Structures are given as C-alpha cells and as structure tokens.
Amino acid sequence: MTIELTHWINGKHVKGTSGRFADVYNPATGEVEKKCPLASVEELNAAVEGAKAAQPAWAATNPQRRARVLMEFVRLLHRDMDKLAEALSREHGKTLPDAKGDVIRGLEVAEFCIGAPHLLKGEYTDGAGPGIDMYSMRQPLGVAAGITPFNFPAMIPMWKFCPAIAAGNAFILKPSERDPSVPLMLAELMQEAGLPDGILQVVNGDKEAVDAILDHEDIAAVGFVGSTPIAQYVYARGCAAGKRVQCFGGAKNHMVIMPDADLDQAVDALVGAGYGAAGERCMAISVAVPVGKETADRLIEKLAPRVEALKIAPYTAGDDVDFGPVVTAEAKRRILGLVDKGVEQGAKLVVDGRGFVMQGYENGFFVGACLFDNVTPDMDIYKEEIFGPVLSTVRVNSYEEALNLVMTNQYGNGTAIFTRDGDAARDYCARVNVGMVGVNVPIPVPLAYHTFGGWKKSAFGDLNQHGPDAFRFYTRTKTVTSRWPSGIKDGAEFSIPTMR
Ligand code: NAD
C-alpha cells in the first residue's frame, strides 16, 4: 500500500487535485512507499491567497511574540527528534545520526531567529538636523517562497522559513518531491508551536509549481537551493518577474593537503567529508589535492584501506553505519556512469565500489565507495558534480598549483586546507575565491549566526543564507525623516534638503 501524501494549506493537510504524483522511495529497499502530489498552478495560487490573507496580522504581531513561536518550535523539534530522523532516513537514505544532524542544523537556525526582536531593530539618528530625527525600520516583504533540494529535507527548509516567518512574512515552501514527509511534519510542528494558519504553506510539486511561484505577482521573494542549472534558471526567471531572488547551486569542494599536514587527521577528514551521507552534501569534499608526490603517495596508501573498510548499510542497521544508499535508482545510474567514464578517461580507480550489493537489500540504491587517483582537470569526474560516494585525487606539485586549481574551478562553495603552517593557511584564506573555507576543518559549514553561501557558480544573488543576511533578505528598509514640532509652517523649501 503506498501512502498518498498531501499539501499543507491554511493549517490543514489538503489532498492534491492535479492528478499528478511523484513516487517517493525507501532508497534502502528500492520500494515506492509514498506518492507525493504535484501541485497545479491553481493549487499554488490557492496557497498564496491563504498566505496573503494571513500575513498582515502576523506582521502586526510584535516580534517578541513571533519569536516565542520559534522558541516552542525548538522544544518540539527536540521532543520529536527520533520520529523526524526516522522519517528522514527512510526517504533520504542517510544514517540516523546524520538525519539528526540534518534536523539540528535547522533547529540552530530556529534558535538564531529567536533573536528576531533584536535583529529587526532599526537604526535611529537623533537630531540629524535642526529638530530633525531620522530612523530606518526593517519591514517584512509579504509572501516569500522557498524551493529546496532533497539532500537536507529538514535543515534547508528551516534555513528558509524560520527567518522569513520571524521577520513577519508568510512563507510558501516547495520542498523536494523526493523526500517531502519531513517538511510536512515541520509545518505541523510550527502550527503546534502557535503559528497562525496560512503563515507556513507547504506546496508539494515539481517544475509546474516552481514556475507558478516564479510567475506569481504576490510572491515578493524566492530562496532556492539545488543544482546549478536550476539555480540559474530560477534566478533569471524570478529576477525577470521583479522578485528578490537568492539561489544556491552545486559544488565541487577541494581539500588541499600540504606536505606538513597531519596525514592521519587529513585521512579521517577525507573519509568523513567525502563519503558521509553517500557524498550527497553540497559541502562534501569531492576532490583531494595533495601537494607533492610524496604527500600524494602516502595519502593514497593510508586512504585506500580506510575507504575499503567503510560500512555501508540501511539506516536501520545501527548507529555505526558510515553511509547508506543514494536517493534514487537514477542517481545510482548517473554516479556509476561517471565512475565508468573516469576509468575510460584514464583515472586510476584505487577503490572500486561499482559492484557493491547490499545483502538482503538487492533492490536498494546502494553504491560502494570509490576512490580515484591521478585525476586531471579535463576529465568528466573532475568537471561534474558527482554527488555520490566518489572521491577524486588530483596531484599537484606546489601550493600555487593547488590554489590555481581551486581558483579556476567553476564552483566556489566550500574548500579546506590541511597544514600546520599558519602562513600557508592564512594566504589560502585570503586569496581563494570560495565562499566558505576550512583550516584543518573539512566541512566548514558556518554556524547559524554566521552566513552560508558560495561564490562563482555555487550561488546567484547577493545575500547569504541564515545569519544576519537572512533578515536582510526577508525584509526591506524604510527610512523616515521627521521634523517636530516646527515643520512646514516655517514656509516651503525649494532646494534639496541638506543637513548643514
Ligand atoms: P535539483 O536542482 O534537482 O532540485 C532542487 C529543487 O528544484 C527541487 O525542489 C526540485 O523540485 C526543483 N526542480 C528540479 N528540476 C526543476 C526544473 N526543471 N524547473 C524548476 N524546478 C526544478 O537539486 P537536488 O537534486 O534536489 O539537490 C542536489 C543539488 O543541490 C546538488 O547540486 C547540491 O550541490 C545542491 N545543494 C546546494 C546547496 C547550497 O547551499 N549551495 C545545499 C544543498 C544542496
């Protein structure tokens, strides 16, 4: 029996009416367990109508009361952590501890947004001129929307809706149609936390719903996270429709290993950051860049047995599993196709996970860990984001060559340098054209009170996610200049006012 999922509109589960559905799999078994409704333009429009009607009262609710909803939401997330993690692992495939991390990294943004009263405080200049005061306030935009990817079905929706809602907006969330259950559970929890109906609408769907969001004249802002071609498309179409748009795209994250690095530490970091979540993280390390032949030889020698020993299993097999299946059969085919191409194009496949079969789960979407050496920048496995458990090693002869490799890559999401040399680390941080940099830290995802965002083809738009930027993105500034008590009764002014 497949379960038919719903949308969440005006505080209720609402059945899809378009007649179109997407299959939702349990990636471990390969079975279709649920059907996700794919919204029509009319269904999206109805959700926006509800949001529009509810938003003014929410914007007029004082920020402290809005923040209290998020305080309660945080408590409920802790209460339901196991349930959320189980639902997440079941549709995504990641391990239970990793699924909890997905929830916690979103929860931390909810915690940050409890500071909304402080973050929304404006600026004030007393006595900007004779009897003149000037102040700026940050007002919500109205209705905003978020379009999110499959790989963090709890964290990224929360990165979007928590700041938008805390700032007084209503929010339309269009989650990934591959794992939509957790976003629906989050909406239920927001209602339980006290959020008025209509302020958070979950509209499930595909391109049709996305296009309807981009074209809707009552949606003022769109936040997107997903692959680069779709990010570019959403950015162009949303901007052309006059919206405020921020789009975060794909990645190819390099880790530079200097000859002086602690190699055991570097190997631990590479194994976790390369293969955790089966490589389906936008901050996964997918390219190792050892500097010098000796570093490279020692690195591969230490890395290969560790990669071979990784424990791959369904999330139900226990907390010591390293990673689970990839999200769909199509993802598996694509990853294996790229590995084949890597071999054809001359890279050395040191660990070959292509033949991996999970006993008892023969139809699951499992891919064994693969490790490549001698990868060159002209190969497809280097140029494309593989988004699977595949690590490529590109050997370079010098620090400058390593830096140049990272600098000329089309993506600029995250990168790391492993070294004991403060000067090399400092130079790397200063010069590299990548948005998030780790020094002896392989996945430098900033915490909620800083901001998250890449450079180059990893992000489009000018503000980052979460942190203070999120409140800038989901509000607009109004600046008031006032003169009391003597105003125009002194007579009209004909030249532009200046504060002499
Ligand atoms: P995706 O681009 O396939 O889908 C993202 C969203 O876009 C989904 O909601 C999907 O329904 C929608 N979509 C898909 N095709 C569309 C189309 N043709 N027109 C309009 N909308 C469409 O991405 P995914 O496979 O779900 O997620 C993986 C990608 O996301 C990877 O490239 C990864 O690097 C990236 N990602 C980036 C970040 C970041 O912050 N930079 C974070 C997480 C994931």
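**Exercises on a two-domain protein and its ligand**

The centres of domain 1 and domain 2, taken over C-alpha atoms, are separated by 31 Å. This is a predicted model, in which local features need pLDDT of at least 70 and side-chain atom pairs count only at pLDDT 80 or more, while totals for chains, interfaces and linings use all residues. Residues are numbered from 1 along each chain as its sequence is written, and side-chain values use heavy atoms, with hydrogens and water left out.

**Exercise 1.** State how the protein is divided, and how many residues of each domain are in contact with the other.

*Solution.* Begin with the bounds, which come from an automatic or database domain assignment: domain 1 comprises 3-249 + 458-480, and domain 2 comprises 253-439. Next, taking contact as heavy atoms within 4.5 Å, one finds 22 residues of domain 1 in contact with 24 residues of domain 2. Finally, turn to the record: UniProt, in an unreviewed entry, places the feature "domain: Aldehyde dehydrogenase" at residues 14-480, with the caveat that such annotations may be inferred rather than shown by experiment.

**Exercise 2.** Describe the residues that surround the ligand.

*Solution.* Count the residues with a heavy atom within 4 Å of the ligand; there are 27, and the closest are T148, K174, E177, S227 and E385. Then sort the shell by residue class, which gives 13 nonpolar, nine polar (a class that has Gly in it) and five charged residues. As a last step, assign the shell to domains: at least three of its residues come from each of domain 1 and domain 2.

**Exercise 3.** Find polar contacts of the ligand, meaning pairs of N or O atoms within 3.5 Å, and say how much of the ligand is covered.

*Solution.* Start with the side chain of S227, where an N or O atom lies 2.6 Å from an oxygen atom of the ligand. Continue with the backbone, where a ligand oxygen is 3.0 Å from a polar atom of F150 and a ligand oxygen is 3.2 Å from a polar atom of G226. Then, by the Shrake-Rupley method with a 1.4 Å probe, the protein covers 89% of the 850 Å² of accessible area that the ligand has on its own.

Technical notes. Polar contact = N/O pair within 3.5 Å; in protein donor to acceptor, adjacent residues only side chain to side chain.
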